[in-house]
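Hi,

Here is the structure I promised to pass on. Have a look at it first, and then read my notes below.

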Amino acid sequence: MENVGIEKGGLIMTKDILTTGIFTLAGAVLGYVGSLFSGYVSGKYSYKGAMDAVTKQLKFEKSQIIEEKKEQEDIAVSIIKTFLMNEIKKNYSILKKSDPSGEYLKILKREKLSNSKQLANTSFAFIDYNKIKYNIIKYNVKTIKDTIEVYRTFEYLQSNAIKRYSDLPEDDKEFLKKGIIKCEKMIESPCGSFFHTQNKQSI
């Protein structure tokens with residue numbers, strides 16, 4: 001092949017030199033593009049790997065929290081059954097004996113209206129509760145909160161014995177209703193099913 005030169009700026013450039021220069025430039029461009037693409041792909045998978053690791057860690061931490069919550073609930077149920085259930089049953093029995101007709105309980109649960117019924121003049125037991133109440137509040141679980149609410153119901157009835165039910169604020173009537181219903185569920189549930197239900201709800 002005839003090697004024809006092209007004069008440019010005092011230099012003679014042959015076709016071979018031009019061809020070599022073009023391929024060299026093309027190679028450099030392709031190499032640059034390839035490095036950019038490789039960096040993009042590498043960066044994409046690095047990001048995905050990091051996100052997968054974070055997701056796994058969050059799932060692990062969540063499972064740990066659930067497990068700790070369940071453990072706290074189990075401890076709380078054990079404490080209540082061991083130290084407080086007998087006293088709760090005793091207090092409920094005192095409440096029932098204050099009105100053998102059952103009318104008083106129906107009024108407290110708002111199943112029956114009353115315009116003149118006075119709160120029963122009763123004294124409840126708080127000995128066992130007072131021994132451990134400052135220890136159980138550290139368990140921030142529903143079972144403990146419900147148990148405290150039941151005892152607060154007994155405390156309210158005892159300290160307001162001279163009042164008529166109809167004179168109580170609406171919020172107080174609703175508070176008494178919830179407390180009595182929870183108390184009955186705790187006592188009547190076979191094999192502690194009330195506690196197991198509370199356990200599931202709180203997780």
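What follows is a run through what turned up, from the whole chain down to single residues.

One caveat up front: this is a predicted model. The chain has 203 residues, and 31% of them are buried. Its secondary structure comes to 6 helices and 2 strands, in the order β-β-α-α-α-α-α-α from the N terminus. Among contacts with a separation of 6 or more, 73% join residues 24 or more positions apart. The accessible surface is about 13800 Å², with 58% of that belonging to carbon and sulfur atoms.

On to the core. The largest nonpolar core has 35 residues, and the ones touching the most other members are Leu84, Ile88, Leu95, Leu108, Ile136, Ile144 and Leu157. H1, H2 (103-108), H3 (127-136), H4 and H5 (170-188) each give two or more residues to this core, with H1 supplying the largest share, 8 residues. Ile144 is a good place to zoom in: beyond its neighbours within four places in sequence, isoleucine 144 contacts Ala76, Ile80, Ile136 and Tyr139. Next door in sequence, threonine 143 sits 9.4 Å from aspartate 74, C-alpha to C-alpha, with their positions 69 residues apart in sequence. Aspartate 74 belongs to helix H1 (residues 15-97) and is partly exposed, at 35% relative accessible area.

Now the two helices I spent the most time on. H4 covers residues 142-159 and reaches 25 Å between its first and last C-alpha, close to the 26 Å expected. Its buried residues include Asp146, Glu149 and Tyr151. H5 has 19 residues, and its end C-alpha atoms are 27 Å apart, in agreement with the 27 Å it should span at 1.5 Å a residue. Lys173, Lys182 and Glu184 are among the buried residues of H5.

Which residues tie H4 and H5 together? Lysine 182 and glutamate 149 meet in a salt bridge, at 3.1 Å from N to O. Lysine 182 lies in H5 and glutamate 149 in H4, so the pair links parts 33 residues apart in sequence. Both of these residues are buried.

That is one of 10 salt bridges in the structure. Another joins lysine 142 to aspartate 146, with the closest N and O atoms 3.7 Å apart. These two are 4 residues apart in H4, so about one helical turn separates them. Their surroundings differ: lysine 142 is partly exposed at 30% relative accessibility, whereas aspartate 146 is buried at 2%.

Within H5, glutamate 174 and lysine 177 are 3 residues apart, about one turn of the helix, and their side chains form a salt bridge at 4.0 Å, N to O. Both are partly exposed, glutamate 174 at 28% and lysine 177 at 26%. The pair is part of a salt-bridge network that links Arg110, Glu170, Glu174 and Lys177.

Arginine 110 deserves a look of its own. Arginine 110 lies in the loop between H2 and H3 and is partly exposed, at 31%. Its phi is near 60°, a positive value in a residue other than glycine. Most residues other than glycine have a negative phi. Lysine 109, in the same loop between H2 and H3, is buried at 14% relative accessible area. Setting aside neighbours within four places in sequence, lysine 109 contacts Lys177, Ile180, Ile181 and Glu184.

Cheers

Conventions: Residues numbered from 1 in each chain as written. Predicted model: local features only at pLDDT ≥ 70, side-chain atom pairs only at ≥ 80, totals over all residues. Heavy atoms only, no water. Expected span 1.5 Å × (residues − 1). Buried < 20%, exposed > 50% of the residue type's maximum accessible area, 1.4 Å probe, protein only. Core = buried A, V, L, I, M, F, W, Y, C linked by side-chain atoms within 4.5 Å. Contact = heavy atoms within 4.5 Å. Areas by Shrake-Rupley, 256 points an atom, 1.4 Å probe, with all protein chains shown as cover.
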